[in-house]
Amino acid sequence: MKRIGILTSGGDCPGMNAAIRSVVRTCLYEGIVPFGIESGYKGLIEDKITQMTSKDVANTIQRGGTFLRSARSMEFKTEEGQKTALANLEKHGIEGLVVIGGDGSLTGANLLYTKYGVPVVGIPGSIDNDIYGTELSLGVDTALNTIVSSIDMINDTASSHDRTFLIEVMGRNCGYLALMAAVTAGAEAVIIPEIKYSLESIIDKIKRRYQEGKTRSIVLVAEGAGSAYDFGKAFALIGGFDTRITVLGHLQRGGSPTHFDRILGTRMGMYAVKHLQDGKYGVMMGLCNNAIVPMPLEEVLSNKKPLNTELLILADVMS
Ligand code: ADP
Ligand code: F6P
């Protein structure tokens, strides 16, 4: 394999730059010409493809987001768009492609592989940690650090005023970020889409905690379970609490990647190139027992990542 392309697609996440840098530098080390494709599948269709040098990736590992930029492309979902993308890969003589992104982006990568025979390797990038086949995706660790330090700050002011804070965190339909943050920042309750909850029992628990001498309450709401504003209204009305709402929003997706996300991106990037070189296509690089292992994209996409039940128990015991 002489020419490899790389793109980042869908929602960005910290650590993407580390993975791009690693793919580029591994390619150069192996005598392969790397090509950066701007703005995901959109740039592939629009032929925004340029050869990359080692210098192009200098000073990028510490930066959040993706310097190749990311996009969502409706056109790529059409056969016409896919054929244009394919023609552009051929035009540049690109023989292998590394796709970094979430479920949607990996679906696009799998389609290029199964329908058109393009050698592809995926790297899981999404703060949601909802991708099957990897214990952690790129960006999760950084996002959690941001969420936890934000909750720590809210905790300070909440304690001074005996307030009940409802804090909404991202995660799309997955409660992982909320659950993990509940355990590691401390929360009286966590509401996630995977688990049925009883508003009344959460309110009773908060009342009990106040009676026991707690000076504040934190309730984490995963965005997939509903709006913290709606929960806040109900808590104030039924529980009579002095409630405040914080929606952490997109700050969870930014920031300099943690050491963990830098090494994860660097490892996954190098192994992605090695798999392409070895003719092992149609796979995603996954983190399993601290090793980077390939998982067929078909399997990744046809399975739902199970909820970590140990975290559920921890959240309950610690609250
Ligand atoms: P993420 O990768 O973060 O899950 P999206 O779900 O928005 O983000 O997907 C990113 C892009 O991947 C889409 O804009 C589209 O170009 C491509 N994609 C998603 N689903 C498909 C699909 N079923 N077929 C082809 N391409 C897809
Ligand atoms: O998938 C990552 C994510 O940040 C989700 O947690 C969130 O629901 C979504 O993307 C937000 O997407 P956008 O940036 O398009 O508003």
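The largest pocket lies between domain 1 (3-139 + 257-301) and domain 2 (140-254), because both of them give residues to its lining. I should say at once that this is a predicted model.

Let me stay with that pocket. Its space comes to about 1100 Å³. Its lining is made up of 47 residues, and those closest to the centre are Gly102, Asp103, Gly104, Asp130 and Arg172. Four helices give two or more residues each to this lining: H4 (103-116), H6 (176-186), H10 (297-302) and H11 (309-318). Which of the elements supplies the largest share of the lining of the largest pocket? That is H4, with six residues. As for residue character, the lining of the largest pocket has 17 polar, 16 nonpolar and 14 charged residues.

Now the second largest pocket. Its volume is about 340 Å³. Here 17 residues form the lining, and Ala189, Val190, Ile202, Lys205 and Asp316 are the closest to the centre. At least two lining residues come from each of strand S7 (189-191), helix H7 (199-211) and H11. So much for position; on composition, the lining of the second largest pocket splits into 10 nonpolar, four charged and three polar residues. Helix H11 therefore appears on both lists, since it gives two or more residues to the lining of the largest pocket and at least two to that of the second largest.

Next, the domains themselves. The domain assignment of the chain puts 3-139 together with 257-301 in domain 1, and 140-254 in domain 2. How far apart are the C-alpha centres of domain 1 and domain 2? They are 34 Å apart. In the contact, domain 1 takes part with 18 residues and domain 2 with 14 residues. Between them the two domains bury about 1200 Å², and 54% of that is on carbon and sulfur atoms. On the domain 1 side, the residues that lose the most area to domain 2 are Ile127, Asp128 and Thr258, which together account for 41% of what that side buries.

Last, the salt bridges. The structure holds 13 of them. One pair to look at is Arg253 and Asp12: Arg253 sits in the loop between strand S9 (243-247) and helix H9 (259-277), and Asp12 in the loop between strand S1 (3-8) and helix H1 (16-29), so the pair ties together parts that are 241 residues apart in sequence. Their side chains meet in a salt bridge at 2.9 Å, N to O. Between domain 1 and domain 2 the count is two salt bridges.

To close, back to where I began: the largest pocket lies between domain 1 and domain 2, because its lining draws residues from both.

Key: Residues numbered from 1 in each chain as written. Chains lettered and ligands numbered in written order. Predicted model: local features only at pLDDT ≥ 70, side-chain atom pairs only at ≥ 80, totals over all residues. Heavy atoms only, no water. 1 Å grid on protein atoms, 1.4 Å probe; cavity = no way out; pocket = protein on both sides within 12 Å on 5 of 7 lines; lining within 4 Å. Points joined across faces, edges and corners; volume = space filled by probe spheres on them. Nonpolar A, V, L, I, M, F, W, Y, C, P; charged D, E, K, R; others polar. Domains from an automatic or database assignment. Contact = heavy atoms within 4.5 Å. Buried area = accessible area lost by both parts, 1.4 Å probe. Salt bridge = Lys/Arg side-chain N within 4 Å of Asp/Glu carboxyl O.
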